[in-house]
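Work through the exercises below with the sequence and the 3D view side by side, trying each task before reading its solution.

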Amino acid sequence: MLNTLKDLRDLVVSLKLTVVLLVFSIILVLVATLDQVNLGVWAVQEKYFKTFVVFWKVGNVSVAVFPGGYTIGGLLLLNLLGAHIYRFKWEWRKLGIWFAHAGLILLLIGELLTGLMQDEYHMRLDQGQTKNYSESYRNIELAITDTTDPKFDEVVAIPEKPLLRLETIQHPKLPFRVAVKAYFPNSLLGMRAPAMGAENPVAVTQGAGTQIVATQRPLTYKENERNLPSAYVELIGPEGSLGTWLVSVALEDPQTFTAGGRTWKMALRFARHYKPFSLTLLKFSHDRYAGTDIPKNFSSRIRLTTPDGKDDREVLIYMNNPLRYAGLTFYQAGFENNDTTTVLQVVRNPSWLIPYIACGVITFGLLLQFGIHLVGFVSKRRGAA
Amino acid sequence: MRLHPLGLLLTLPLLLGACRDSKVAVYRIPKEIDTPVPAASPHAGMAGGGDMSGGDGAVARADGPGLSWTVPAGWQSKGPSGVRKDTLVVAPDAELAVTAFPGDVGGELANINRWRGQLQVAPIGEGELDGSVTRLDVNGLKVGVVDIAGGSTDKPARMLGAFVPVGGATWFFKLIGPDTVVAGEKAKFLAFLQTLKADASTAAFGSAHGSAGEPPPPAAAPTAPADMANTEVIKAEGPGLRWTAPAHWESRPAAAMRKATYAVPNPAGAAGDLSITAFPGDVGGEVANLNRWRNQLQLPPLAPGEVEGTVTRLAVHGLNLTVADYTGGPAGAPVRMLGAIVPFAGSTWFFKLTGPVDLVAKEKPAFEAFLQTLSAP
């Protein structure tokens with residue numbers, strides 16, 4: 001038993017493990033880069049790096065084929081920490097190496113935290129438009145909004161998971177249950193053929209779905225395409241069913257209905273993240289090199305306001321010059337509609353400072369180490385002379 | 001079992017991460033007024049070439065037959081490059097670029113405003129269009145010419161632009177440079193435009209909608225019968241297609257998702273239904289859309305290679321139409337469908353007439369004539 005533990009310890013602290021893990025990471029990065037052609041950046045990150053095990057589909061069966069990014073990164077961290085603890089011997093001559101490795105450990109932890117905690121949204125603003133929310137690129141929510149109060153709207157946002165599991169959702173804020181009859185992670189809307197009607201698996205009795213039908217499509221991972229989910233939901237009140245609706249990200253407007261003496265709006269949409277401040281696009285500029293159509297610069301002149309009036313200022317966002325405010329970073333990401341709409345990428349990453357600190361610590365450690373060696377070398381030469 | 005502190009350290013963030021996004025959220029927001037936002041398109045984010053990589057976003061080049069011209073003395077041709085059909089060096093700091101793209105590239109107004117934007121001049125409205133375009137008739141070609149002065153105050157620039165619709169494509173001639181240089185070349189530019197000629201093959205081909213290898217489109221459908229109502233119906237916010245519906249079709253209120261609905265009366269039974277819808281992007285592509293229709297009629301799907309035999313391709317006022325005619329449905333009550341798919345300005349428009357077989361057969365000429373009235377604004 002003791003021997004097995006010793007063997008395990010020797011393995012954890014060994015340089016061989018480091019080399020093997022580095023080789024594994026090289027293979028992982030190579031394969032993931034090649035697979036990016038099929039899946040796109042986001043799906044590749046999820047499949048190869050933000051996972052413990054990489055699965056490949058063989059027919060209909062998922063087979064574990066390779067350790068994922070979390071496993072390799074975690075073991076590297078363990079290896080590094082283990083080796084340091086096991087071989088620790090205080091020596092001021094090695095202080096620089098200690099700092100460099102501490103920086104490396106911080107970098108690995110920072111990357112793990114970024115992977116787990118970073119949120120990415122986007123905000124589309126037409127010129128003159130004001131918004132106080134950003135939207136997710138991929139996450140979906142079923143938003144049921146009580147619009148009865150003249151002063152505010154109350155939103156109940158149901159995330160995608162219960163929809164996918166076709167759950168029946170009961171919430172204290174809703175005077176009805178939401179029964180998910182069908183959920184298509186990617187779908188295509190079409191008109192219901194007048195002579196047909198029974199082709200649809202779910203009979204829709206309310207709203208746009210009485211004329212439109214959603215058909216399931218395979219999920220797309222292409223960079224220039226997005227999945228458009230749709231769902232059939234039945235609302236069930238204390239007196240019985242209120243009807244079945246088709247909701248879809250591809251439908252433009254929320255569908256309105258009354259229940260429990262209140263007025264409601266329902267929409268399937270990309271998840272929104274509301275903010276305690278609002279942004280107005282004053283002007284989007286797209287400069288080109290004179291006489292050509294080659295883009296030179298993109299910038300959005302934004303007005304940032306808070307309801308309490310504490311902040312009311314203009315900000316210029318352009319490439320590599322994002323707006324950092326309230327823990328969020330707004331990057332210039334794109335534009336639409338003949339240069340009158342701007343698309344800002346909104347990133348929340350509480351651990352964004354860690355890589356900068358880690359790089360600083362590594363640089364300091366390396367400089368210190370080289371400095372110590374240089375001083376030693378110079379004094380040795382002086383002594384010899 | 002004792003949990004090692006290191007293990008705890010490693011698993012804690014994972015546990016934290018697992019809790020996210022699985023709870024129903026409730027929050028209050030200030031009263032929202034629903035603004036008509038464009039529906040999500042299956043094409044990620046950057047509709048209309050809005051990514052950071054390209055200027056105009058137009059990547060499709062019009063291939064096939066086109067225009068020919070004579071280069072004036074003093075100008076030098078650099079030949080085709082990239083998306084340019086030709087580049088003529090007018091002066092050391094002024095160039096004339098010749099490009100051609102399929103379709104109308106968003107229409108005259110959009111193109112002129114794009115040019116005005118490049119010279120930092122405010123866009124014009126529909127009403128000001130006629131005042132700012134000089135129309136020329138050159139060897140049977142309809143040439144529109146604009147003269148835009150702009151740029152910064154210390155570096156005034158000028159652009160002489162001409163656009164020429166030729167067989168389903170639009171050709172652009174753009175001379176841009178310092179104000180004084182371009183103004184001095186204006187007479188020569190106008191003389192140059194007078195040398196434009198459609199290639200002999202263009203006239204015979206009639207459309208640049210496909211590559212030269214494709215068969216020419218079928219003979220034109222019958223011209224609009226006399227009973228066409230003259231009321232023009234314009235649907236859709238922003239740029240939309242226009243059409244004239246036959247007088248005997250009854251316009252119905254446009255329901256959700258539909259740009260327009262017409263009931264086609266049938267004295268012998270159930271009425272036919274003509275629906276007009278438009279969705280952003282290519283909605284999955286031509287084959288997927290045709291197969292969706294076939295599925296509605298309980299017909300087996302077609303492989304991409306089989307589509308050609310079942311559709312007719314038409315070019316109408318610069319628009320490329322794919323017309324399908326399918327009969328299917330349940331054995332007891334067969335249904336026939338005439339459908340047209342029309343890509344236009346980044347969206348796809350669908351015109352679909354469905355109804356009993358006899359009615360649709362009778363209405364086919366009217367439907368074809370109706371398609372011939374389609375035009376871009």
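Strands here are DSSP runs of E of at least two residues, numbered from the N terminus, and two strands pair if DSSP finds at least two bridges between them. The model is predicted, so that local features need pLDDT of at least 70 and side-chain atom pairs count only at pLDDT 80 or more, while totals for chains, interfaces and linings use all residues. Residues are numbered from 1 along each chain as its sequence is written, and chains are lettered from A in the order in which they are written.

**Exercise 1.** Find the bridge partner of A:E234 in β11(A).

Solution. Begin with strand β10 (residues 230-237) of chain A, which runs antiparallel to β11(A) and is joined to it by 8 bridges. Within β11(A), A:E234 has A:T244 as its bridge partner. Then widen the view to the open sheet of 4 strands, whose order in chain A is β6-β7-β10-β11 with antiparallel pairing. Its edge strands, each pairing on one side only, are β6 (168-170) and β11 (240-248) of chain A.

**Exercise 2.** Determine which strand of chain B gives the most to the largest nonpolar core.

Solution. A nonpolar core is a set of buried Ala, Val, Leu, Ile, Met, Phe, Trp, Tyr and Cys residues joined through C-beta atoms within 7 Å, where buried means that 20 or more other C-beta atoms, placed from the backbone, lie within 10 Å of the residue's own. The largest such core has 73 residues, and those with the most contacts inside it include A:L142, B:V342 and B:W349. Strand β18 (residues 335-344) of chain B gives the most to this core, with 7 residues.

Definitions and conventions. Buried ≥ 20, exposed ≤ 12 C-beta atoms within 10 Å, placed from the backbone.
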